[in-house]
Amino acid sequence: MSFTDHANNPYASLSPAVWRGSTVVFDTFEDFVGRKSRQPDGYSYGITGTPTTRGLEQRIADLEHGKHCIVTPSGASALMTTVMGFVRSGDHLLISDSCYGALKAFAHNWLARLGVEVEFYPPTIDAGIEALIKPNTKMICLEAPGTVTMEMQDIDTITAIARHRGVMTMMDNTWASPLYFRPLEHGVDFSIEAATKFFGGHSDVLMGSISMNNADDYATLRETQSTLGQSVSPEDCFLVMRGLDTLKVRLAEQCRSSLKIARWLEAQPMVQQVLFPALESHPGHAIWREQFDGNGCLFSIILQPAPEATFGAFFNALQHFPIGASWGGTHSLIAYYPASQQQTRNFSPTEEPIVRISIGLEDPDVLIADLDRALRCYELARIQVHPGFQGG
Ligand SMILES: Cc1ncc(COP(=O)(O)O)c(C=O)c1O
């Protein structure tokens, strides 16, 4: 639409209009009875969205180089809606062990009880996925790098096998965003983003998106979204559209800072390991370099071992990293994942506690100085609980 299309956009504002409405009305009985003519844009009831929703969906589809997009109320709901659209009782569902926790919990606690055969596979299985595919395998869930533990997956290899065997694939692409990886171009059927993170970008909105090319899949998922009542407010769509306007510059800056900080952390004696595919030391670095165009702003670190209480000395010394879940916004964040979480996973690469860091738009040198101070506090606290810890 032209910005100066006065017939359709009489105010000619640069910012998109926020269309509210729980329903749409019809001029005549005949229009109402024949309301299918208003499809496929879905403007027959508010649940499937207003023109504001469609505007955002089109922008996300364009970013993903896809034909269709559906927005949902959260990243979690985008993952669940995709699975619910296609997976039925008796189907086999393969989920990477490092997929987002709520997807795994949903599969384990609900789908398995409803008769779906749920199997978690090692995230770095790559070509080995072929051996796990059964006649009833319906879908493979991917995420690269994996939530918290950051394993890379060879997306090209897995999707080639899945396509050959007639199995659907969906990928949580939130870490890289479509600016740095476009799953649909790598053979993935459904690209999922937690728009809560990079797209919104300001830690003030929850949303998810599902992008795809196949028109029949789009119709199925639009119906699923509507049936499950997964409706998104037009105000939230406006916020995400505003976030998208600055996505490219935010990401470039956050990703540059992340790499600088991750490299600095890697050289610190109190840091045992940095889990970040953009680092040469990461086991999935070659896949990342070959298939991705850039890195996200999220990485994890494993500190030198110490009792859990000692971690308080590190976290509580930080002045520029609020402690909290989520990531991808303008403010840096830090979160703690206890050892028990890794120990109860089937294929975790570590049994140590993990510290996950999201880098925002602050000056990276200020963030490094903050981390430096906190690591010194951690070192002192470690020595106090166990003098033998001196020196690493
Ligand atoms: C990789 C990833 N996917 C999905 C989600 C879920 O997104 P939301 O918080 O919007 O439900 C998260 C949230 O932390 C995430 O990190």
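This passage looks at how the two domains of a predicted model meet and at what surrounds its ligand.

The protein chain splits into two parts: domain 1 runs over 48–245, and domain 2 covers 247–389. Taken over C-alpha atoms, the centres of these domains sit 26 Å apart. Where they meet, 42 residues of domain 1 touch 38 residues of domain 2. Putting the two domains together buries about 3200 Å², and carbon and sulfur atoms account for 64% of that area. On the domain 1 side, a trio stands out: Trp175, Tyr180 and Phe198 provide 26% of the area that domain 1 buries against domain 2, which is more than any other three residues.

Carbon and sulfur aren't the whole story of this interface, though. Between domain 1 and domain 2, 19 residue pairs are in polar contact. Three salt bridges also turn up across the interface. As for salt bridges between named side chains, Arg182 and Asp293 form one, with an N to O distance of 3.9 Å.

Now for the ligand. A shell of 14 residues surrounds it, and the ones that come nearest are Gly75, Asp172, Thr196, Lys197 and Trp327. Sorted by type, the shell holds six nonpolar residues, five polar ones and three charged ones.

Some polar atoms of the protein can be matched with particular ligand atoms. Asp172 places a polar side-chain atom 2.6 Å from a ligand nitrogen. Lys197 also uses its side chain, with a polar atom 2.7 Å from an oxygen of the ligand. With Ala76 it's the backbone that does the job: one of its N or O atoms lies 2.9 Å from a ligand oxygen. The ligand on its own would expose 390 Å², but the protein buries 90% of that.

How values were computed:
Residues numbered from 1 in each chain as written. Predicted model: local features only at pLDDT ≥ 70, side-chain atom pairs only at ≥ 80, totals over all residues. Heavy atoms only, no water. Near = heavy atom within 4 Å. Polar contact = N/O pair within 3.5 Å; in protein donor to acceptor, adjacent residues only side chain to side chain. Areas by Shrake-Rupley, 256 points an atom, 1.4 Å probe, with all protein chains shown as cover. Nonpolar A, V, L, I, M, F, W, Y, C, P; charged D, E, K, R; others polar. Domains from an automatic or database assignment. Contact = heavy atoms within 4.5 Å. Buried area = accessible area lost by both parts, 1.4 Å probe. Salt bridge = Lys/Arg side-chain N within 4 Å of Asp/Glu carboxyl O.
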